[in-house]
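Open the model in your viewer and keep the selection tool ready. The stops below say what to select next and what is there.

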Amino acid sequence: MSKFLKKLKKRGHNSTEMNLQITSMADIFTILLVFLLKGYTTSSVTITPSNDLFLPTANASDAPADALKVEVAANGVQIDGGLALPLTQYKFVQTDLTQSGTSQTLTAIFEKLRARQLSIAKNNTDVKIDSKMIVIADKNTPYSTLKTVLASGATHGYTDFKLAVVSNK
Amino acid sequence: MSSVTQSGNKNSQDFELNLASIIDCFTVIIAFLLASTAFLSIGIFDAGIAAGAPQAQSLTPPSVQVAVEMKSNHRIEIKVSGKTTRNLSLDQAGEQWNRDDLVSRISEFKKEWPELQSVVLSADNDVAYHEVIKTMEKMKGQIQFVMLGGF
């Protein structure tokens with residue numbers, strides 16, 4: 001800085017006031033702002049997987065619709081953000097499984113959710129019974145675990161499965 | 001917002017725009033957007049509509065049903081039932097499932113039975129979810145609906 005001031009004095013400038021040229025900075029910021037606003041999602045539905053959950057990658061462009069969110073991770077199953085059932089390395093507790101391959105705990109939760117949806121639909125004709133279920137499963141989930149979750153949901157009418165993936169488009 | 005500096009000449013139209021406050025606003029907005037933007041875009045794979053859904057009720061049952069099963073030894077079994085019965089087994093391609101062969105078989109089925117719109121995909125218990133998704137992705141190019149099965 002002192003060298004700069006000396007240079008200024010040599011040139012005959014006695015003033016130490018500096019004018020910062022911020023026009024170019026404003027240009028950069030405008031471009032950044034436009035870029036970020038373009039990429040900003042306006043969808044009302046947000047899917048935020050847990051930190052330790054890695055979604056599979058696929059070429060899927062369908063936007064997520066509002067539906068029941070079921071997250072399957074190595075340490076548990078979450079339904080609509082709340083822990084429904086703990087798992088041990090993607091495995092269900094053997095006593096929780098039924099002969100038909102469903103989970104008793106999950107089936108009970110899905111039953112409760114379905115009953116609530118039915119009672120709302122009964123009192124409000126605008127509300128329709130929804131069969132959609134967004135499955136946010138870790139990419140290493142064994143198919144047996146996924147089958148159990150899907151079968152448990154299907155027993156109470158959640159049959160329209162939407163699988164969340166990281167879009168590579 | 002803007003400060004007009006009339007240096008000497010009163011009729012001068014030159015003025016200096018004070019950009020500092022604009023920069024302040026931009027900094028705040030950019031910081032907010034950077035913090036809240038999801039850089040991973042999440043897509044949705046439709047795993048088909050099972051019999052209970054209203055959309056499925058209007059559909060007439062297909063004349064042929066095709067079921068694809070991913071085996072843990074990287075083999076793929078295709079079972080065709082309905083007006084014809086066929087059982088095919090696709091050998092593994094290296095250490096992977098032979099998805100390219102599967103896609104060409106599905107394409108052949110589609111030519112043979114143009115009314116074929118859906119395939120049921122299932123896998124062995126220990127097959128990882130991302131492998132199932134990869135197979136679904138490949139098949140989606142050939143067939144409209146890929147439904148998950150095996151339960």
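Select A67(B) and K79(B): K79(B), in β5(B), is the bridge partner of A67(B). Helices and strands here are DSSP runs (H or I of at least four residues for a helix, E of at least two for a strand), numbered from the N terminus. This is a predicted model, in which local features need pLDDT of at least 70 and side-chain atom pairs count only at pLDDT 80 or more, while totals for chains, interfaces and linings use all residues. Residues are numbered from 1 along each chain as its sequence is written, and chains are lettered from A and ligands numbered from 1 in the order in which they are written.

**The sheet of chain B**

Widen the selection to strand β4 (residues 64-70) of chain B together with β5(B): seven bridges join these antiparallel strands. Two strands pair if DSSP finds at least two bridges between them.

Next, add strand β6 (residues 86-90) of chain B. Five bridges join β6(B) to strand β5 (residues 76-82) of chain B, and the two run antiparallel. Three residues lie between β5(B) and β6(B), which form a hairpin. Within this pair, E77(B) has S89(B) of β6(B) as its bridge partner.

Now show the whole sheet. In what order do its five strands lie? The order is β6-β5-β4-β7-β8 (chain B), in an open sheet with mixed pairing. At the edges are β6 and β8 (145-148) of chain B, each pairing on one side only. From one strand to the next, the twist averages 20 degrees. Axes are lines fitted to C-alpha atoms, for helices over the stretch in contact, and angles run from 0 to 180 degrees between N-to-C directions.

**Helices across the sheet**

Select helix α3 (residues 99-112) of chain B. This helix lies across β4, β5, β6 and β7 (118-123) of chain B, and runs at about 155 degrees to β6(B). Then select α4(B), which lies across β4, β7 and β8 of chain B at about 165 degrees to β7(B).

**Where the chains meet**

Show both chains. Their contact takes 45 residues from chain A and 37 residues from chain B; two residues are in contact if their C-beta atoms, placed from the backbone, lie within 7 Å. On the side of chain B that touches chain A, the elements giving two or more residues are α1, β3 (42-49) and α4 (129-140) of chain B. Which of them gives the most? That is α1(B), with eight residues. By class, this side of chain B has 26 nonpolar, seven polar and four charged residues. Ala, Val, Leu, Ile, Met, Phe, Trp, Tyr, Cys and Pro count as nonpolar, Asp, Glu, Lys and Arg as charged, and the others, Gly among them, as polar.

Select helix α2 (residues 23-39) of chain A and helix α1 (residues 20-36) of chain B. Their axes come within 10 Å and cross at roughly 30 degrees. α2(A) is therefore roughly parallel to α1(B), a term for angles under 35 degrees. The contact includes M25(A), A26(A) and F29(A) of α2(A), and I22(B), I23(B) and F26(B) of α1(B). By class, the contact of α2(A) with α1(B) has 14 nonpolar residues, no polar and no charged ones.

Move to F45(B), in strand β3 of chain B. Is F45(B) buried or exposed? F45(B) counts as buried because 23 C-beta neighbours lie inside 10 Å. A residue is buried if 20 or more other C-beta atoms lie within 10 Å of its own, exposed if 12 or fewer, and partly exposed in between, with C-beta atoms placed from the backbone. Leaving out residues up to four places away in sequence, F45(B) touches A58(A), A60(A), L163(A), V165(A), I133(B) and M136(B). From C-alpha to C-alpha, F45(B) and S21(B) are 45 Å apart in space and 24 residues apart in sequence.

**Chain A**

Show chain A alone: four helices and six strands. Buried residues make up 28% of its 169 residues.

Finally, select Q89(A), in the loop between β4 (82-86) and α3 of chain A. Q89(A) is not a glycine, yet has a positive phi of about 45 degrees. Q89(A) counts as exposed, with 9 C-beta neighbours inside 10 Å. In the loop between β4 and α3 of chain A there is also Y90(A), with a positive phi of about 70 degrees although it is not a glycine. Y90(A) is buried, with 21 other C-beta atoms within 10 Å.

Methods:
Parallel < 35°, antiparallel > 145°, perpendicular 65-115°, else oblique.
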